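Please look over the sequence and the model below before reading on. The paragraphs that follow go through the structure part by part.

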Amino acid sequence: MEANEIIRFENVKKIYTGLESKSKDIVALQNVNLSINKGEFVFVLGHSGAGKSTFLKLILREEVATQGRVIVNGRDLSKIRQREIPYLRRGLGVVFQDFRLIPNMTAYENVAFAMRVTNIPEKQIKRRVPYALNLVGLAGKARSLPQELSGGEQQRIALARAVVHSPPIIIADEPTGNIDPELSVEIMELLQAINSLGTTVVVVTHEHDLAARFHKRTITIDHGEVIDDGLTRREEEEAF
């Protein structure tokens with residue numbers, strides 16, 4: 001793994017074996033070779049069932065590759081022990097399509113909870129949570145419950161929760177799936193701002209138009225294979 005790489009897939013194949021004797025094995029990913037560098041902003045595109053979810057699950061170590069290697073933050077995920085997985089995930093901020101906010105907690109408490117579960121000192125929590133809420137433009141909504149917020153605001157709270165412990169990698173899984181198109185652009189602009197601070201951002205989505213609007217590297221998965229790994233606009237300009 002090169003020094004600048006933060007995610008690497010080497011000849012990765014993932015097969016889901018049929019649970020019943022008559023069930024067929026499902027090849028979710030095959031022949032996947034790619035690397036993502038520190039500080040990159042990458043869109044991973046593909047239709048439903050293309051293999052995007054499996055790609056994410058392998059990075060999060062929710063699944064293990066059937067063949068090949070997945071390396072994240074310098075860790076070979078086929079070799080780490082079960083007790084090491086929580087430490088791996090502390091280096092990953094994850095934003096989900098369905099927000100996953102705790103309904104009886106305020107915006108502040110939802111963000112703080114992400115730090116408390118990893119035993120971060122309260123003094124640090126009191127400093128970092130307002131910073132994260134301000135970063136996503138919701139400093140004034142700290143005392144609001146999720147049901148008092150719009151869908152776009154809830155997604156921004158979820159984003160604040162993902163970035164509050166300053167992970168080197170942000171993974172956004174269909175982050176615009178439950179919000180209006182106009183708000184989708186706002187969320188992408190926030191992710192772009194976070195990326196400008198040095199955080200690696202990986203956005204998994206089926207929205208090709210949204211990805212095209214931001215002129216970032218795009219990796220397209222179809223039927224479990226990477227069929228296209230696009231250059232960023234800067235690389236395209238440098239090529240000519």
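This is a predicted model, and a helix is a convenient place to start. Helix α1 is mostly covered, with 6 of its 8 residues buried. The buried residues of α1 are Lys52, Thr54, Phe55, Leu56, Leu58 and Ile59. In an α-helix there are 3.6 residues to a turn, so residues three or four places apart point the same way. After α1 comes Arg61, which has a positive phi near 60°.

From this helix the view can widen to the whole chain. The protein contains 8 helices and 10 strands. Its radius of gyration is 18 Å, and this agrees with the value near 18 Å that a compact globule of 240 residues would have. Along the principal axes, the C-alpha atoms fill a box of roughly 50 × 45 × 40 Å. Of the 240 residues, 47% are buried.

Charged side chains come next. How many salt bridges does the structure hold? There are 11 salt bridges in the structure. One of them joins Lys14 and Glu63, whose side chains meet with a distance of 3.4 Å from N to O. This pair links distant parts of the chain, 49 residues apart: Lys14 sits in strand β1 (residues 5–16), while Glu63 sits in the loop between α1 (52–59) and β4 (67–72). Are these two side chains' residues buried or partly exposed? Lys14 counts as buried because its relative accessible area is 8%, under the 20% that marks the limit for buried residues. Glu63 has a relative accessible area of 25% and is therefore partly exposed.

A second salt bridge is found between the side chains of Lys141 and Glu153, at 3.8 Å from N to O. Here too distant parts of the chain are linked, with the two positions 12 residues apart: Lys141 belongs to the loop between α4 (122–135) and α5 (151–163), and Glu153 belongs to helix α5. Lys141 is partly exposed, because its relative accessible area is 29%. Glu153 has a relative accessible area of 16%, so Glu153 is buried.

A third example pairs two strands. Asp229 forms a salt bridge with Arg217, and their closest N and O atoms are 2.8 Å apart. Asp229 lies in strand β10 (residues 225–229) and Arg217 in strand β9 (residues 217–222), so that distant parts of the chain, 12 residues apart, are linked by the pair. Asp229 is partly exposed at a relative accessible area of 35%, whereas Arg217 counts as buried at 8% relative accessibility. Elsewhere, Glu5, Arg8, Glu10, Arg69 and Asp76 are joined into one network by salt bridges that share partners.

Strand β10 also includes Glu225. Glu225 counts as partly exposed because its relative accessibility is 32%. Which residue, 196 residues away in sequence, comes within 6.0 Å of Glu225, C-alpha to C-alpha? That residue is Leu29, at 6.0 Å in space.

Other charged residues group together on the surface. Asp180, Glu182, Glu186 and Glu189 form a negative surface patch. One of these, Glu186, is found in helix α6, which covers residues 181–196. With 32% relative accessibility, Glu186 counts as partly exposed. That value also bears on its place in the patch, because patch residues must have over 30% relative accessible area and no salt bridge.

The backbone is the last topic. Asn11 has a positive phi near 50°, and Asn11 is a residue other than glycine. This asparagine, Asn11, lies in strand β1, the strand that also holds Lys14. Asn11 is partly exposed, because its relative accessible area is 48%, and partly exposed covers values between the limits of 20% and 50%. Asn73 likewise has a positive phi near 50° in a residue other than glycine. Where is Asn73 placed? Asn73 is in the loop between β4 and β5 (75–76). With a relative accessible area of 31%, Asn73 is partly exposed.

Definitions and conventions: Residues are numbered from 1 along each chain as its sequence is written. This is a predicted model: local features need pLDDT of at least 70, side-chain atom pairs count only at pLDDT 80 or more; totals for chains, interfaces and linings use all residues. Side-chain values use heavy atoms; hydrogens and water are left out. Patches are made of residues with over 30% relative accessible area and no salt bridge: like charges are joined within 9 Å, nonpolar side chains (Val, Leu, Ile, Met, Phe, Trp, Tyr) within 5 Å. Accessible areas come from the Shrake-Rupley method with a 1.4 Å probe; for residues, only the protein chains shown count as cover. A salt bridge is a side-chain nitrogen of Lys or Arg within 4 Å of a carboxyl oxygen of Asp or Glu. Lys and Arg count as positive and Asp and Glu as negative; His and the chain ends are not counted. The place of a charge is taken as NZ of Lys, CZ of Arg, CG of Asp or CD of Glu. Helices (H or I, at least four residues) and strands (E, at least two) are DSSP runs, numbered from the N terminus. Buried means under 20% relative accessible area, exposed over 50%, partly exposed in between (1.4 Å probe, protein chains only). The radius of gyration is taken over C-alpha atoms; the globule rule is 2.2 Å times the number of residues to the power 0.38.
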